[in-house]
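This report describes selected features of a protein model for a reader new to structural analysis. Please examine the structure below before reading on.

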Amino acid sequence: MKIFNFKILRNTIGLTLFFVTLYLQAQEIDILIKNGHVFDAKNNIDTISDVSISNGKILQVAAHISDEHAKNVIDATGLYVLPGLIDPHTHVFVGPRPGKFANGFNSLSPDNFSFKSGVTTVVDAGTSGWQNFPQFKSQVIDQSKTRVLAFLNIAANGISGTEINLSQIEAARHDLNEMDVEKTSEMILEYPDIIVGVKIGHFNGGSWAPFDRAVEAASKTGRPLFVECHLPEYSLEDQLDHMRPGDIITHSFENISERMPVVDEKGKLLPFVLEAKERGILFDVGHGGAGFWFDQAIPALEQGLWPNSFGTDLHRFSMNAGMKDMLNVMSKYLNMGMPLKEVLIRGSYYPSMAIKRNDLGNLSPGTVADVAILSLRSGEFGFIDARNNSIKGDKKLEAELTIRAGKVVWDLNGLAAKPFEKN
Amino acid sequence: MSKIERLQRPFIVLLLLLLTSYFGIQAQEYDILLKGGHLIDSKNNIDGQMDVAIADGKIAEIAQSIHKSKAVRTIDVSGLYVTPGLIDMHTHVFMGNEAGAYIANGATSLMPDGFTFRAGVTTVVDAGSSGWRNFPLFKAQTIDKSKTRVLALLNIVGTGMKSRFEEQDVTDMNPEMTAYSIQKLYPDILVGIKAAHYWGDFTQVDRAVEAGKKAGVPVMVDFGEHEPPNSIEALFMEHLRPGDIFTHTYSNGPDQRETIVDQNGKLKPFILKAQKRGIIFDMGHGGGAFTWEQAVPATKQGFKADVISSDLHTQSMNSGMKDLSNTISKFMALGISLSDAIYRATWAPAKVINRTDLGNLSIGAVADVAVFNLRNGDFGFLDVRRIRVKGDKKLETELTLRAGKVVWDLNGIAAEDYRE
């Protein structure tokens, strides 16, 4: 007697496939994106495909999906379709306090900048700490259409200093007694779906206690540490040594006196930086107003230090400078020579892994339907760094359409709209 | 050589030296030179190639050719359009987080700088988010902290647009205090009065006009929540003065809001008469106030809004509106020329708000300048009902100067080339 009946197995599989197909076909499709170049690194998709969305979730990605049951069909021919972009470095704890970041005018409302740049998730980089996170949540996170996640600052009130010259003010404010591992960890575990890690930011003192406490809170809660590296008393090498694999350092290509740069005066990438990368330290761009320099980024790229993510460091002083928005930062790398595929994978999939959010950054069926549809413009473009130096380029990414949880939240040219019928 | 000649020689050398140094200084008399662009300056009837020189934050010279040697920095703007910095006459920028407030110190308003410079806008007019009671807070919190020039229409309601309910409080519609704030306290910032969102009869408009007469400024009316609806013909012909402003010109509903085009697609006959009388029609796009259904037939029948404005707030920023340059491009998709559309976002609003120091590039004017790239391609423009009209031209903001400083530089045309 045969233990295994291949015929039955074959029939069962066939029948199952038949019913799955039937089920998928019967499901009402809210949005069907047709003929776009789908790029979903997690699922190894890098080809022309259709994407269907139902009830705010990805229903199916396949070579051909019938539009018979689709309420809205978007023709994405010639466009790239990818998981909604994730910006891992922003400051969005916006409020009315002039000159402040936490609850202040220096932070920005996330929705103002996200969707028009294909971004559906932003991570606030420690603008709040355990004391003012609840206010940040009720005031901004709960009110935004953009998904707002956060690194919690080890300092109790986040970035509470004034104006741009943070470090001096922060040094006075960041009393060690305020850097409480227990309270930071408790707040993280109270909001495990929002707080994705711990941030150590501006600190002037010579003691390693703030850094160590931030690492401790991150370890206790199983989350990465986000190092903003305006820590002039610590050498870059020491900072990297104190970090664990999976921890993130930002402003990677900054060239200012407050921090040792990654590339030396002769244009050589420092060996310990590459070693840190090989050890698993993640390098975020953290562009900001002063955090991105071509004399760092270009040699670093050539010598193997590719950023893991394109954090914009969005705030009042970067929005109108060389940074502008996340697609502009990504386009900058595209024109510096990073292949498109490598740029796109760093736009959504890599940052999702860095913040340990496997539910984001991919288009697996059942995943929340956060989708970016991008066009790749050809033309003569230019890109500026923090020193107001420019490079030329011939490619630029533009956000045609952005979908957040199955809803169209940005539609540059009316791809999802109905044409006007003249009387 | 005579004695006199010998004495003259050092003098001549000195004179030559002086002349050389004088011309040396002359050679750098301008801070910025915008060279080779197509200038559109409606006030000065310029619509052609013209160089623009800037010194000390002001327009210093406009000429067909100004030599590079006269400027510290020359920016090549050939192939681009140069215009006065745009004036967005209808925005809501009193951003804050007061509990229960929506537009006044509330989350529906936006910070101006994130939306202005990237769209070529250098001046915004806040359209009545604040009233005389909360204007000082608005000024301290937003106006004084913004790089964008923020002007304002003061709401006839003392608390401005705090909530729909407070906006109905007739006892807080005070012409005396409103006029006093405009004339005596903040004459450089407050350029008019706003009447909006009122559910009753003409009381609110009449109070606003009374204040407008006292202060000598125009009134802008957002007119369309009246139950039962009020006649816009009566508004234009009996209640408003020439120079007063009707906003949300192309909105189509809700039912309480009377439209300019009737159900048969015909422009109501009194609209052109009202415009002739001097009523100013403001686009005020917003999240709900621009429809192709109104705009297309109205344009075909010879009517154009006098001013193109965005009605910028959180509900319009990511919708069909997007920003003022997109809104101007949309106007062009209706068949209106670039120079006419630019006029309606520069010199036209400057005149309406009696700020003729703005919206032009006359010699001595503040150097608020926008430089646009007119893209050609397949573009689409949405109205508030998610209906699309195609267009083949779209403005993109290359460079924006505010008081002679570069505040937006899309492609680094004012930056230095990176050298390894």
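Helix H5(A) lies across strands E10 and E11 of chain A, and its direction is at about 170 degrees to that of E10(A). Such angles run from 0 to 180 degrees between N-to-C directions of axes, which are lines fitted to C-alpha atoms, for helices over the stretch in contact. Helices (H or I, at least four residues) and strands (E, at least two) are DSSP runs, numbered from the N terminus.

The model is predicted: local features need pLDDT of at least 70 and side-chain atom pairs count only at pLDDT 80 or more, while totals for chains, interfaces and linings use all residues. Residues are numbered from 1 along each chain as its sequence is written, chains are lettered from A and ligands numbered from 1 in the order in which they are written, and side-chain values use heavy atoms, without hydrogens and water.

H5(A) covers residues 209-221. Among its buried residues (under 20% relative accessible area, with a 1.4 Å probe and protein chains only) are A:Phe211, A:Val215 and A:Ala218. Seen down the helix axis, the buried residues of H5(A) fall within an arc of 160 degrees, so they line one face of the helix; the arc is that of the directions from the axis to the C-beta atoms. The elements covering these residues include helix H4 (181-190) and helix H6 (236-242) of chain A. After H5(A) comes A:Gly222, with a positive phi near 65 degrees.

In chain A, an open sheet of seven strands follows the order E6-E8-E9-E10-E11-E12-E13, with parallel pairing; two strands pair if DSSP finds at least two bridges between them. Strands E6 (85-90) and E13 (282-283) of chain A stand at the edges with a single partner strand each, so one side of each has no neighbour in the sheet.

The largest nonpolar core has 97 residues, and A:Phe133, A:Leu240, A:Val273 and A:Tyr333 have the most contacts inside it. Such a core is a set of buried Ala, Val, Leu, Ile, Met, Phe, Trp, Tyr and Cys residues joined through side-chain atoms within 4.5 Å. Helix H9 (residues 326-336) of chain A gives the largest share of this core, seven residues.

Chain B contains cis peptide bonds, listed here with their omega angles.

| Cis peptide bond | Omega |
|---|---|
| B:Glu227 to B:Pro228 | about -5 degrees |
| B:Gly253 to B:Pro254 | near 5 degrees |

Technical notes
Expected span 1.5 Å × (residues − 1). Buried < 20%, exposed > 50% of the residue type's maximum accessible area, 1.4 Å probe, protein only. Contact = heavy atoms within 4.5 Å.
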